[in-house]
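Work through the exercises below with the sequence and the model open. Each task is followed by a solution in steps.

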Amino acid sequence: MIVYHGTTLIVDKPASDFSKRYLDFGIGFYVTADKEQAENWAKRKAVRLNEKPINNIYNLSEDLSKYNGLVFASEDVAWLDFVASCSKGNDDYKKYDYISGSVANDDVFVTVDMYMRGIWDKDRALSEIRYYKTSHQICLISQTLIDNDLKFDKSYEVK
């Protein structure tokens with residue numbers, strides 16, 4: 001499977017400790033099969049850092065059955081609770097080699113934040129999330145998985 005990582009660097013040797021702690025699925029190397037999403041991430045980061053946007057392309061093995069994965073098929077209660085927990089800095093993600101599911105982008109995260117603060121209950125938060133277009137991400141947590149099953153192909157500057 002072709003996956004992308006948008007940033008401002010050529011990342012030919014990804015590391016599992018690449019990201020910040022308080023992201024959707026914890027610390028890991030985040031990729032997506034959505035090229036446009038990765039390009040948008042690269043552009044956003046480039047503006048913040050005043051650097052060039054770079055999209056890295058990888059081949060990710062389609063058979064990850066030898067790894068302990070957590071897959072969220074939709075934005076349900078389990079996904080909401082997991083994202084909220086990781087956003088608080090909890091390390092629930094460490095039980096897994098990879099986690100796959102929807103991105104809590106800025107719009108969605110406002111809803112997750114309202115839930116985390118106790119302002120909205122689960123039902124209200126989930127009903128709000130349904131109004132937003134979400135995209136998909138995979139957080140690669142295991143360095144072994146990255147080394148053995150994610151192969152760098154090439155990178156390019158996003159225009």
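The model is a predicted one. Helix H2 is followed by Gly89, whose phi is positive, near 95°. The exercises begin with this helix.

**Exercise 1. Determine whether helix H2 is largely enclosed or largely open, and describe how its start is arranged.**

Solution.
- Step 1. List the buried residues of H2, using under 20% relative accessible area as the cut-off. They are Trp79, Leu80, Phe82, Val83, Ala84, Ser85, Cys86 and Ser87.
- Step 2. Compare with the length of the helix. Because 8 of the 11 residues of H2 are buried, the rest of the structure largely encloses this helix.
- Step 3. Look at the start of the helix. There a side-chain oxygen of Asp76 comes to within 3.2 Å of the backbone nitrogen of Ala78.

**Exercise 2. Find which element gives the largest share of the largest nonpolar core, and trace the contacts of Ile99.**

Solution.
- Step 1. Pick out the members of the core that touch the most others. In this core of 20 residues they are Phe25, Phe72, Trp79, Leu80, Phe82 and Ile99.
- Step 2. Assign the core to elements. Two or more residues come from each of helix H2 (77–87), helix H3 (106–116) and helix H4 (122–129). H2 supplies the largest share, 6 residues.
- Step 3. Follow Ile99. With residues up to four places away in sequence left out, Ile99 touches Phe25, Leu70, Phe72, Phe82, Tyr93, Gln137, Ile138, Cys139 and Ile141.
- Step 4. Check for another core. A second, separate one has 14 residues, including Val31, Leu64, Tyr98 and Leu145.
- Step 5. Set this against the general rule. In soluble globular proteins, nonpolar side chains tend to be buried together.

**Exercise 3. Describe how H2 and H4 are placed relative to each other, and which residues meet.**

Solution.
- Step 1. Take the two quantities needed. Two packed helices are described by the angle between their axes and the distance between the axes.
- Step 2. Read them off for this pair. The axes of H2 and H4 cross at roughly 100° and come within 10 Å.
- Step 3. Classify the angle. Angles of 65 to 115 degrees count as roughly perpendicular, and H2 and H4 are therefore roughly perpendicular to each other.
- Step 4. Name the residues in contact. From H2 these are Val77, Trp79, Leu80 and Asp81, which meet Lys122, Ala125, Leu126 and Ile129 of H4.

**Exercise 4. Count the salt bridges and work out what the pairs with Lys66, Lys122 and Arg124 connect.**

Solution.
- Step 1. State the principle. Side chains of opposite charge can pair when their charged atoms come close.
- Step 2. Apply the cut-off of 4 Å between nitrogen and carboxyl oxygen. The count comes to 5 salt bridges.
- Step 3. Take Lys66 and Asp149, whose side chains meet at 3.8 Å, N to O. Lys66 is in the loop between strand E3 (54–60) and strand E4 (69–71) and Asp149 is in helix H5 (residues 143–149), so this pair ties together parts 83 residues apart in sequence. Lys66 counts as exposed at 61% relative accessibility, whereas Asp149 counts as buried at 8%.
- Step 4. Take Lys122 and Asp81, whose closest N and O atoms are 3.0 Å apart. Since Lys122 lies in H4 and Asp81 in H2, the pair ties together parts that are 41 residues apart in sequence. Lys122 is partly exposed at 31% relative accessibility, and Asp81 is partly exposed at 29%.
- Step 5. Take Arg124 and Glu128, whose side chains form a salt bridge at 3.1 Å, N to O. Both lie in H4, 4 residues apart, about one turn of the helix. Arg124 is partly exposed, with a relative accessible area of 38%.

**Exercise 5. Is Ser19 buried or exposed, and what does its side chain reach?**

Solution.
- Step 1. Locate Ser19: it is in the loop between strand E1 (2–7) and strand E2 (29–31).
- Step 2. Apply the cut-off of under 20%. Ser19 has 16% relative accessibility and counts as buried.
- Step 3. Find the polar partner. The Ser19 side chain reaches the backbone nitrogen of Gly28 at 3.0 Å.
- Step 4. Add the contacts. Apart from neighbours within four places in sequence, Ser19 is in contact with Gly26, Ile27, Gly28 and Tyr30.

Key. Residues are numbered from 1 along each chain as its sequence is written. This is a predicted model: local features need pLDDT of at least 70, side-chain atom pairs count only at pLDDT 80 or more; totals for chains, interfaces and linings use all residues. Side-chain values use heavy atoms; hydrogens and water are left out. A nonpolar core is a set of buried Ala, Val, Leu, Ile, Met, Phe, Trp, Tyr and Cys residues joined through side-chain atoms within 4.5 Å. Buried means under 20% relative accessible area, exposed over 50%, partly exposed in between (1.4 Å probe, protein chains only). Contact means heavy atoms within 4.5 Å. A polar contact is a pair of N or O atoms within 3.5 Å; within protein, one must be able to donate a hydrogen and the other to accept it, and residues adjacent in sequence count only if both atoms are side-chain atoms. Axes are lines fitted to C-alpha atoms, for helices over the stretch in contact, and angles run from 0 to 180 degrees between N-to-C directions. Angles under 35 degrees count as roughly parallel, over 145 as roughly antiparallel, 65 to 115 as roughly perpendicular and the rest as oblique.
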